[in-house]
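Work through the exercises below with the model open beside you. Each has a task and a stepwise solution.

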Amino acid sequence: MTTITTSAFYERSSRALNELRSRAESLQGSIGTGQRLTRGSDDPVGASQLRSLSRESRFSEISAVAGARVSSDLALTDSGLSDFAAYVTRVKELAVHAGTDTLTPAQRAGIGVEIKEIYSELIRLANSRDSAGDALFGGEAAGDAYTLDAAGLPVYAGTAQAGELALGEGQSVIRGVTGPEFLNFNGANGPTNLFTLVRELGDALQGNVADPAQAARDALGDLDTGLETITTAQTVVGSRMNWIDLIDDRRTQRSEQRTEMQADVGGADLATTVTALQEIMTVLEASQAAFTRLAGLSLFAMLR
Amino acid sequence: MASSLFSIGLSGLRASRAALDLTAQNISNAGTEGYVRRSLNVSEVASVGSWLVPGDLTLSGVRIDGVARNADLFRQAEVRRTAADYGRATEELAGFENIEAALEQSGVYPAMTAFEASLQRLETNPIDPALRAGALEDARAVARNFNLASSTLDTARDSLNFTAQAGADQINTYATELARVNLQLTRAKAGSSDQTSLLDRRDSLLEQISAQVGIHTAIGADQSVSVRLGDSTGPLLVSAGTTQAFAMTTAADGTIGFTLGGTAVSVTSGSLAGKAQALIAVRDRKTELDGIADTLIATANAAQANGVALDGTAGQPLFAGAGAAGITLSLTSGAGWATAPAGAPAGSRDTSNLTALRNALDGAKVTDQLDGLLFSASSATAARRTTAEALDSIASSARLALAEQAGVSLDDEAANLVRFQQAFQASGKVIQVAGDLFDTLLAIR
């Protein structure tokens, strides 16, 4: 015969009620925080996954900022290159104009003055700044990309290469173009650069050479090559911007996936949790009611 | 003739009165921890006639043999054994939970991620003083969080040590008390209510000792108990009236060991065993954390040394000190980040050395190691929680089994109260009848 002793009855009841109570409370905690895991040991693997997901998110945010920065720097580069191309086109027009034999030397000298003006504009343009205030065409150097030497001629002061910037997802992009990359080219008489070409043309038209009109006609070929170099550089910049857009899209997709995974691994599904809570509450109420009725059942109460 | 009726009635009265007393005692102790239900052993007093008058039967009523204590020795031993196992598991679990909390809540992992992220941000513009200062502060946070994790682990270790010392002291107190109870038991009369309350005391002391450390007990003919640590081959803690001194020793690395009478003993169950195991885990986790901190210090400093700071001077170490407790930030200003490679001019925007630092941190797997540390701490906790839950239900069912056998049922006692009251009234009636009989005899004239 098993007797139900008083202490055993109370201990069993309190254990059962306590367990229901603590389960209800943990469910309530899940609803309150929206998180299924309150500490790592609730699900060690899930917690580790959540850690690496939040780490990735953190890096992804920074990559997004970096991508936006490179994008805006490349846009600045692009518009700078357009300006260069516009000036070169203008110089070409002027050179064609100056190449006609009908002009007087004074008129040619006037054109030469305009070309010299464009020359100094080109130097200023080459020293444009990027979004952070550093040289746009100077690679990784701080300060101006071109400095003037003793003779007043521009000398490249930057680094040979523009730096690379990580965009996340294991990808990186070169953040700009350096001056020599689009200003230096191989002319008819060997390597030259746009500054020398324009300056010499301006000087020639102002009467530095015996036949300025011929010099203007000769310069046309090199100006074409210079313009081509600039447009090539623009194409490169354009494709880099496309690349950044592509990486941005990928990053957005990845971040959606990440959020979904975070919700899957660590999030508490509200419908399931509330249902489970309701179930436990029902059982808890029933157990409490049963306990009260049973505890009131004492033989002492019956004996009068 | 009537006189024997009187004495039979009187013995009945006495027996029912004693039974009523015991019932009242049972009722009032229904909620007392360690109380075992008592019942009265009675036997009939009768003798066959002497050789002079064979066939004659002399009836002399009822005799109280003693008070029976309805404790099942096996169930009691089971309660002690399972409680010791459960005590070990819960203490170990508590220790592991503390370790887990120390590592998770000190935020070493998020700080390390933030540090790496701010290094990545610094790459976008390595000469920006704000980004440099931000990265430096994040590096400081990493160092501080390592310090915090280490000191929290130290606190956990100290509190485990402290409570273990208290537990070891308690064992000595209980053992001394048990030896005294043993001596009293040898003098107590079997079946007396004095002996039963001593037995209650003995069993509750045994339970208290076994909560701290697993024991094996042997009960002698005089109800005195000898206690061995561990199993039946373990060393004697209490034997009759003598005890051996139980003591705790603390090693330099914070782990603990135990001695009995000066000889080292191994303790495999009870909460002291759990604490000893938790302390070993604390030590191991601390060693791991120190190793990760050292890797971080070495990797970051080596990368710094390969580059130049903003002003073009050689890179200075980022961290100083050693271990998780000792790591401090050594670089004093954001300008000190050696983002550019050696040979670069002042103010260079070249980030190749910064990239090298990030790659070195990646290659040294500092973050991965931290994740691994957190993972092993939390999975060890999860495994121990499962064990503790299983042992909890085993221990509680053993306790319930004992309570059902040895505990007081108020319903039974209520029925007994009525039964013994009626017996008392009936015995009173017997005396009244004897009196009436006597009166009848006297009235014959």
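**Exercise 1.** What radius of gyration does chain A have, and what would a compact globule of 304 residues have?

*Solution.* Conventions come before the steps. This is a predicted model, where local features need pLDDT of at least 70, side-chain atom pairs count only at pLDDT 80 or more, and totals for chains, interfaces and linings use all residues. Residues are numbered from 1 along each chain as its sequence is written, chains are lettered from A and ligands numbered from 1 in the order in which they are written, and side-chain values use heavy atoms, without hydrogens and water.

Step 1. The globule rule is 2.2 Å times the number of residues to the power 0.38, with the radius taken over C-alpha atoms. For 304 residues, this gives a value near 19 Å.
Step 2. Chain A has 39 Å.
Step 3. Check the extents: the C-alpha trace of chain A spans about 140 × 35 × 25 Å along its principal axes.

**Exercise 2.** List the element order of chain A from the N terminus on.

*Solution.*
Step 1. Count elements, taken as DSSP runs numbered from the N terminus (helices: H or I, at least four residues; strands: E, at least two). Chain A has 8 helices and 6 strands.
Step 2. Read them off: α-α-α-β-β-β-β-α-β-β-α-α-α-α.

**Exercise 3.** Is Gln120(B) buried or exposed?

*Solution.*
Step 1. Locate Gln120(B): helix H3 of chain B, residues 108-124.
Step 2. Apply the cut-offs: buried is under 20% relative accessible area, exposed over 50%, partly exposed in between (1.4 Å probe, protein chains only). Gln120(B) is at 6%, so it counts as buried.
Step 3. Find its contacts (heavy atoms within 4.5 Å). Not counting residues up to four places away in sequence, Gln120(B) touches Phe59(A), Ile62(A), Ser63(A) and Arg358(B).

**Exercise 4.** Describe the sheet E7-E8-E9 of chain B.

*Solution.*
Step 1. Pairing requires at least two DSSP bridges between two strands. The 3 strands form an open, antiparallel sheet in that order.
Step 2. The edge strands are E7 (246-250) and E9 (263-265) of chain B, each paired on one side only.
Step 3. E8 (residues 256-260) and E9 of chain B pair over 3 bridges. One bridge partner pair is Phe258(B) and Val265(B).

**Exercise 5.** Which element gives the largest share of the largest nonpolar core?

*Solution.*
Step 1. A nonpolar core is a set of buried Ala, Val, Leu, Ile, Met, Phe, Trp, Tyr and Cys residues joined through side-chain atoms within 4.5 Å. The largest has 81 residues, with Phe146(B) and Phe246(B) among those with the most contacts inside it.
Step 2. H4(B) supplies the largest share, 19 residues.
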